[in-house]
Amino acid sequence: MNNVCNQTCTGCGKEFSKGLWRQNPIFVQVLGMCPTLAVTTKALFGFSMGMATAFVLICSSLAVSVIRKLVPQQVRIATFTVIIATFVTCADYFLQANFYTISKELGPYVPLIVVNCIILGRQEAFASKNGVFRSLLDAIGMSVGFTAVLILLGSIRELLGFGTIFNFKILGAGFEHWVIMALPAGAFITLGFLIGLFNWMNKKSKSN
Amino acid sequence: MANTVITSILSMAGLGLFFASVLAFMNQKLKVEEDPRVEKIAGVLPGVNCGACAFTNCHLYAEALIKGKAQPDQCRAGGEQVASAISEILGVKVKKRIKEIATVHCGADASKRKKKATYLGIKTCVAAHNIFGGEILCEYGCLGYGDCREACPFGAVKLVDGLPEIDKDKCTACAKCVVVCPRNIISLQKMESKDFLYITCNNPSKGAETRKVCPVGCIACGICQKVTDGIFYVENNLAHVRSERIKEIVNPQEVVGKCPTKCIAKL
Amino acid sequence: MIINLVLIFIAAAITQNFVLTYFLGICPFIGVSRKLDQAIGMGVATTFVMTLAACVTWLIYHFILVRFGLPFLQYASFIIVIASLVQVVEMFIRKTSPALYRALGIYLPLITTNCAILGLTLFMVLKEYTFLEGIIFGLGAGCGFTLALLIMAGIREELECCDIPKPLQGAGITLIIAGLLALSFMGFGGLIGK
Amino acid sequence: MRNTVRIISVLTVVGLISGTALVLMYNYANPRIIKNQKNEMEKAVYKLFPNAKKYDKVAMGDDVVFKVTDKSGKSLGYAFIAEGNGYQGPIKMMAGIKPDLATLEGIEILESQETPGLGQEIASDNFRAQFDGLKTSPEITYVKNAKPGSPNEIQAITGATISSKAVCTILNEQIKTIKQKLSK
């Protein structure tokens with residue numbers, strides 16, 4: 001068993017870890033921005049959006065990597081998106097059935113995972129070219145990276161916008177809420193600076 | 001309840017069928033004759049459309065490869081694994097092609113440059129060049145703001161005292177620096193022989209003027225032409241080298257010493 | 001009737017601009033807005049696909065989903081329409097004008113993953129527009145998307161010779177500019193207080 | 001030719017599978033979703049009428065109106081759903097009104113997509129508290145950054161006048177329709 005594992009395993013640690021930092025879907029590949037900007041008004045929504053995206057990304061990566069040999073070139077995009085759409089609708093209904101309050105808050109953004117560029121991007125660039133095991137690792141890595149950034153951005157915006165993180169009161173009543181943080185403009189600017197910080201840290205670690 | 005199940009399955013399958021047939025029909029009618037190898041190569045390429053191979057997307061790079069206008073190893077994202085796969089498909093062995101290197105045709109670093117003004121504008125060569133040719137007396141000399149270093153995706157260009165220095169191993173001759181330099185001081189030369197000589201000047205004005213604007217400019221004295229009987233030749237007041245005949249030079253070090261203004265450099 | 005259509009058009013294009021207020025279509029918005037001509041090409045292609053998608057999805061929604069009572073098929077059927085439409089458009093452009101395909105080539109697959117289009121179809125269903133209103137809504141959303149793209153491309157071309165700190169170059173500065181744009185677009189908010 | 005058959009078959013099979021998966025999921029989830037929506041409605045009614053015991057639907061076309069009675073069967077008033085367009089999207093709220101249809105019991109925002117931090121403040125307690133015991137005749141009006149003068153006036157949220165105005169207009173319209181239907 002283990003030679004099969006290390007035969008397929010060459011670099012599978014790298015496959016997983018690249019999603020976290022080196023090829024972080026948001027900071028490096030600048031993908032999946034729509035949910036990242038829209039839903040991160042509160043850290044909790046960022047977390048639940050990350051989980052929903054993770055579920056869909058992992059399942060569809062599995063499905064796509066299994067049938068990648070059968071799908072002819074012309075219908076490649078159509079088939080992949082239908083698979084993703086099916087998983088998203090299942091996730092959407094599951095959320096509405098069991099966690100009704102969260103799904104109401106996520107509102108129209110849960111279905112938008114279907115066209116979330118990360119998922120189709122990963123299917124197109126990776127899952128449709130690699131084996132099941134590696135695509136699974138890649139999907140997990142990517143979704144963990146994505147969720148981490150969502151939570152980070154969500155907590156910054158929530159802290160400045162509402163003075164709380166995960167609904168725990170952090171900044172006292174005296175703190176004047178930065179209403180802009182709850183608005184689309186705040187999301188753009190915060191993420192812009194976050195990407196700047198990410199690049200700066202990368203450059204610093206590379207230079208020394 | 002049962003009929004929603006059936007109608008749902010039927011409608012989705014129906015939609016799939018309808019659009020598939022539309023796609024198939026369109027695929028037939030709008031068949032674009034294309035070399036099947038392009039599809040195969042596009043399949044091998046990572047499909048990330050990063051543009052490091054100087055093409056906007058992988059499909060165009062694949063087409064250029066078929067037409068022979070691009071090299072198999074230009075795909076930086078894919079690295080050697082993609083390069084060897086492409087050469088298999090193309091049936092061309094990644095022949096030990098003559099390595100091409102970017103060479104800088106200017107020898108005047110910051111200390112040697114004569115200035116006609118002090119330039120406080122935007123710190124890029126392009127901007128400086130657009131404002132009356134920048135602060136340097138010689139209109140053909142290097143401005144030293146490092147546009148080439150910014151343009152190089154492989155980090156092969158380092159600025160030493162304001163003058164670009166090309167790292168032989170990192171340079172993949174992608175010509176991005178050649179294109180970006182407003183003074184086109186950089187050119188791609190084939191590394192015919194191990195010790196490769198090239199001219200570090202780009203100033204075609206008469207010897208007297210060149211001497212006025214730069215201490216290390218080529219004054220077209222013709223000594224190198226005499227010494228190497230024709231391997232170096234002077235053309236419109238500037239020395240050039242026939243790179244394919246450099247191997248005939250017995251003692252390259254001696255030729256470098258001969259040039260009065262030290263315009264010949266060894267890579 | 002006409003007033004209502006104009007109102008929908010202006011709402012979709014300016015006051016509730018898809019990119020700057022609803023965050024839809026950000027990936028191409030950041031990716032493609034480097035040069036003006038690319039932005040125009042992408043904008044026109046997206047508007048065309050949006051209008052086409054609007055009317056096809058409206059038909060499917062009313063004649064299949066509502067008639068047979070299958071609301072849950074919404075996303076899957078809409079996305080299959082959009083993906084196939086984009087594939088046909090790509091083939092069509094590739095056949096008719098290779099030059100345009102070369103310029104637009106890489107951005108056509110990007111349109112399928114463009115959240116704005118699926119977002120448009122979902123909003124059209126949410127707001128229960130009629131067929132004509134749906135098409136105007138699609139057109140307005142497309143023009144809004146192109147407008148935002150052009151403004152951004154214009155600004156980013158100016159940025160070429162500005163001294164931006166290294167880490168912020170590329171996506172970072174684009175997002176900050178988009179943030180300022182979103183702020184200014186909020187000014188249009190009260191334009192149509194219907 | 002073989003390629004065309006493959007294209008058609010692949011997409012149709014994928015459509016088939018996705019159709020079945022979706023319908024199974026829908027059948028599993030739908031009853032739960034309806035249950036969720038019902039008890040969310042119920043929670044709102046009991047919040048509006050704290051000592052309500054029972055509420056039953058009043059037949060009124062597509063408007064949702066409940067007659068609320070307490071333990072002893074005395075009618076406490078009506079709870080009704082009011083829906084309309086706000087600043088950025090639809091606003092859906094449940095309002096309670098006393099039997100005399102003249103004074104409001106209070107309002108509860110069910111769904112709204114107003115700008116968070118600004119328009120979304122209509123869901124905050126202090127804005128909603130203004131509606132408790134508000135007179136509805138002749139009409140609910142709002143006043144901008146000044147103390148409300150008469151009993152049928154509320155103070156609009158600073159910076160979110162459109163949302164506050166929307167809440168008032170939606171309530172006025174719904175109360176008018178209920179009055180007509182009840183008086184018939």
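**Chain folds and contacts in a predicted model**

Colleague: What share of the 184 residues of chain D counts as buried?

Modeller: Keep in mind that this is a predicted model. A residue needs 20 or more other C-beta atoms within 10 Å of its own to be called buried. Going through the 184 residues of chain D on that basis, the buried share comes to 36%.

Colleague: And what pattern does chain D follow along the sequence?

Modeller: Chain D has three helices and seven strands to place. Read along the sequence, they come in the pattern α-β-β-β-β-β-α-β-β-α.

Colleague: In chain D, how much of the contacts with a separation of 6 or more comes from residues 24 or more positions apart?

Modeller: Take the contacts in chain D with a separation of 6 or more as the pool. Pairs that are 24 or more positions apart account for this much of that pool: 46%.

Colleague: How far apart are the end C-alpha atoms of helix H3 of chain D?

Modeller: H3(D) covers residues 161-183, which is 23 residues. The expected span uses one less than the number of residues, so at 1.5 Å a residue the helix should span 33 Å. The model agrees with that, as the end C-alpha atoms are apart by 33 Å.

Colleague: Which strands do the buried residues of H3(D) pack against?

Modeller: The buried residues of this helix include Val167(D), Ile170(D), Leu171(D) and Ile175(D). Ser163(D), Ser164(D) and Gln174(D) are also among them. Their packing partners in chain D are strands E2 (65-70), E3 (75-85), E4 (90-97) and E6 (141-143).

Colleague: Where chain D touches chain B, how do the residues on the chain D side divide by class?

Modeller: That contact takes 18 residues from chain B and 14 residues from chain D. By class, the chain D side has no charged residues, seven nonpolar and seven polar.

Colleague: How many of the 267 residues in chain B are buried, as a percentage?

Modeller: Chain B is built with 10 helices and eight strands. Among its contacts between residues at least 6 apart in sequence, 56% join residues at least 24 apart. As for burial, the percentage for its 267 residues is 35%.

Colleague: Which helix gives the most to the side of chain A that touches chain C?

Modeller: The contact takes 35 residues from chain A and 35 residues from chain C. Helices H3 (33-39), H5 (76-98), H7 (117-127) and H9 (184-207) of chain A each supply at least two residues to the chain A side. By class, that side has 26 nonpolar, eight polar and one charged residues. With 11 residues, the helix that gives the most is H9(A).

Note on methods. Residues numbered from 1 in each chain as written. Chains lettered and ligands numbered in written order. Predicted model: local features only at pLDDT ≥ 70, side-chain atom pairs only at ≥ 80, totals over all residues. Contact = placed C-beta atoms within 7 Å. Nonpolar A, V, L, I, M, F, W, Y, C, P; charged D, E, K, R; others polar. Helix = DSSP H or I, 4+ residues; strand = E, 2+ residues; numbered from the N terminus. Buried ≥ 20, exposed ≤ 12 C-beta atoms within 10 Å, placed from the backbone.
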